[in-house]
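Got your viewer open and a selection box ready? Here is a walk through the model, one stop at a time.

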Amino acid sequence: MTTEPDAGFGLYVHWPFCRSKCPYCDFNSRPAAGAVDQRRWGRALLAELDHFAQRTAGRRPTSLFFGGGTPSLLDPDIVAAIIARARTLWDCAPDWEVSMEANPDSADPARFRAYRAAGIERLSLGLQALDDQALRWLGRPHDVATGRAALEMARAVFPRLSFDLIHSRPGQSVAAWQAELAEALSFAPEHLSLYQLTVEEGTAFGARGIEPPDDDLGRTLLDLTRAMTAEAGLPAYEVSNHARPGAECRHNLTYWRGGDWVGIGPGAHGRVGGTAFAQTREPETWLASVEADGHGTASEESLSPQSLAAERVMMGLRLAEGIDLAHLAAGCGLSVDDVIDRRGLDRLRAAGLVEQVGPRLRATPEGWPLLDSVLAMLLA
């Protein structure tokens with residue numbers, strides 16, 4: 001099965017441990033119960049990398065992403081070993097993108113320099129807010145001063161830098177978000193991830209019944225965000241991501257464009273040739289499985305052409321560039337009519353929620369906030 005052009009092939013490494021669990025977080029992460037045997041964990045991550053290399057021989061990775069959890073708690077020599085092993089196992093693209101997520105409370109100049117020497121070129125820093133009261137409410141272990149200091153440390157070391165902020169927090173006014181975003185833009189970033197607060201089941205916020213702002217305020221904040229970032233030269237290239245042209249996160253584009261990727265580590269997911277993989281979520285169970293079997297795969301499912309096409313539509317419409325429906329359908333061995341409800345498409349066009357630009361279908365600014373509803377009408 002083919003994918004959209006230039007989708008790439010990614011490698012993802014999941015480090016599940018944090019210093020503390022944020023109340024909004026629904027990722028597979030947890031505070032370490034005690035000291036983590038990083039040597040043992042490093043060996044397991046390398047073993048699972050070896051396992052998937054055998055299944056993806058001949059592929060050329062275009063990106064490697066360390067996510068979590070807090071992967072900036074990983075020893076730099078383990079990071080270096082994983083990057084070196086990936087280069088040995090695959091013929092990596094010469095300009096591949098190697099990224100790591102980091103939290104301000106674990107920022108350290110020497111550690112950052114060691115990550116850079118290991119091969120990390122792009123850092124994604126989890127600031128989440130530029131307001132001390134908001135940071136406390138979000139359960140973040142750092143304050144604004146620590147966040148700003150971490151940002152300056154990272155800017156001095158890494159050639160590419162992104163940071164995250166969460167908006168639409170309860171009680172947040174339009175004026176407050178405008179001021180916070182203006183400060184963020186004053187740092188002259190090349191990339192920003194600006195997420196609307198969502199409250200998921202199974203999180204502490206979900207248990208407390210926290211609710212984000214109403215739809216009207218959320219839409220106002222979203223419109224303001226897109227206007228301010230576009231004016232600053234960082235247009236939205238995805239629902240929540242903004243970048244200077246050429247500075248988009250290539251690893252995440254692989255997901256959104258329907259490319260293949262390998263995911264290693266507890267709870268990591270992957271897609272290879274129409275097969276979906278999921279690794280065991282519980283860290284200690286995953287570790288034992290890798291040590292016994294060389295991998296911690298919990299499930300492996302061959303996706304039907306219809307399921308694969310629907311997934312690619314759902315991901316692709318998150319992008320400002322949209323999707324080439326004919327190319328996408330043909331890549332899954334289907335016709336456009338197998339994938340798209342034509343009457344639903346006509347209604348969405350008439351409502352101004354999607355538009356056709358040349359061969360590509362994309363959500364409009366009015367359609368992006370309603371993407372779940374758009375997809376429900378669009379998919380056959």
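A residue counts as buried when its relative accessible area is under 20%. Keep that cut-off at hand for the first stop. One more thing before you click: this is a predicted model.

**Stop 1: a ring pair**

Select phenylalanine 112. Its relative accessibility is 1%, so it falls under the cut-off and counts as buried. Now add phenylalanine 158, which at 5% counts as buried too. Show both rings as sticks: the centres are 5.4 Å apart and the planes make an angle of 70 degrees, so this is an edge-to-face pair. Where do phenylalanine 112 and phenylalanine 158 sit along the chain? Phenylalanine 112 belongs to helix H3 (residues 109–118), while phenylalanine 158 is in the loop between helix H5 (144–157) and strand S7 (160–167). The two are 46 residues apart, so to speak a link between distant parts of the chain.

If you like rings, there are 12 aromatic pairs in the whole structure. For a cluster, pick Trp15, Phe17, Trp41 and Trp286, which group together as one. Then jump to phenylalanine 9 and look at what lies over its face: arginine 59, at 4.5 Å from the ring centre.

**Stop 2: the cores**

Nonpolar side chains tend to be buried together in soluble globular proteins. Here the largest nonpolar core has 75 residues. To find your way in, select the ones with the most contacts inside it: Phe66, Val79, Trp96, Phe112, Ile120, Leu123 and Phe163. Which helix gives this core its largest share? Colour helix H1 (residues 38–55), which supplies seven residues.

Stay with tryptophan 96 and list its contacts, skipping neighbours within four places in sequence. Among them are Leu11, Pro61, Leu64, Ile83 and Ala86, and the list also includes Thr62, Ser63, Arg87, Glu121 and Arg250.

There is a second, separate core of 30 residues. Ala276, Leu328, Leu348 and Leu353 are among its members.

**Stop 3: a residue on H1**

Back on helix H1, select alanine 47. Is alanine 47 buried or partly exposed? With a relative accessible area of 25%, alanine 47 is partly exposed. Beyond its neighbours within four places in sequence, alanine 47 is in contact with Val290 and Gly294. You can also draw a distance to isoleucine 82: C-alpha to C-alpha, that is 10.0 Å, for a sequence separation of 35 residues.

**Stop 4: a three-stranded sheet**

Now show the open sheet whose order is S15-S17-S16, with antiparallel pairing. Strands S15 (323–324) and S16 (354–357) stand at the edges with a single partner strand each, so one side of each has no neighbour in the sheet.

Select strand S17 (residues 360–363) and count bridges. S17 pairs with S16 over four of them, and two bridges join S17 to S15. Leucine 361 in S17 is a good residue to centre on: isoleucine 323 stands opposite it, and so does glutamine 356. One more bridge to label has glutamate 355 partnered with arginine 362 of S17.

Follow the chain from S16 to S17 and you go round a hairpin with two residues between the strands. Stop at glycine 358 in the turn, which has a positive phi of about 60 degrees.

In a regular strand, side chains alternate between the two faces of the sheet. On S17, Leu361 and Ala363 are on the covered face, and Arg360 and Arg362 are on the uncovered one.

**Stop 5: helix H15**

Last selection: helix H15 (residues 371–378). Which residues of H15 are buried? Leu371, Val374, Leu375 and Leu378. They span an arc of only 95 degrees around the axis, which puts them on the same side of H15. Spin the view to the face turned away from that side and you meet exposed Asp372 and Ala376.

To see what covers the buried residues, switch on helix H11 (305–316), helix H13 (336–339), helix H14 (342–350), S16 and S17, all of which are included in the cover.

Finish on leucine 371 in H15. Leucine 371 has a relative accessible area of 8%, so it is buried. Not counting residues up to four places away in sequence, leucine 371 touches Val239, Leu317, Arg318 and Ala363. For a final distance, try alanine 320: it is 51 residues from leucine 371 along the chain, with 13 Å between the C-alpha atoms.

Conventions:
Residues numbered from 1 in each chain as written. Predicted model: local features only at pLDDT ≥ 70, side-chain atom pairs only at ≥ 80, totals over all residues. Heavy atoms only, no water. Pairing = 2+ DSSP bridges. Helix = DSSP H or I, 4+ residues; strand = E, 2+ residues; numbered from the N terminus. Buried < 20%, exposed > 50% of the residue type's maximum accessible area, 1.4 Å probe, protein only. Arc of directions from axis to C-beta. Contact = heavy atoms within 4.5 Å. Core = buried A, V, L, I, M, F, W, Y, C linked by side-chain atoms within 4.5 Å. Phe/Tyr/Trp six-rings, centres within 6.5 Å; stacked < 30°, edge-to-face > 60°. Lys NZ or Arg CZ within 6 Å of the ring centre and 35° of its normal.
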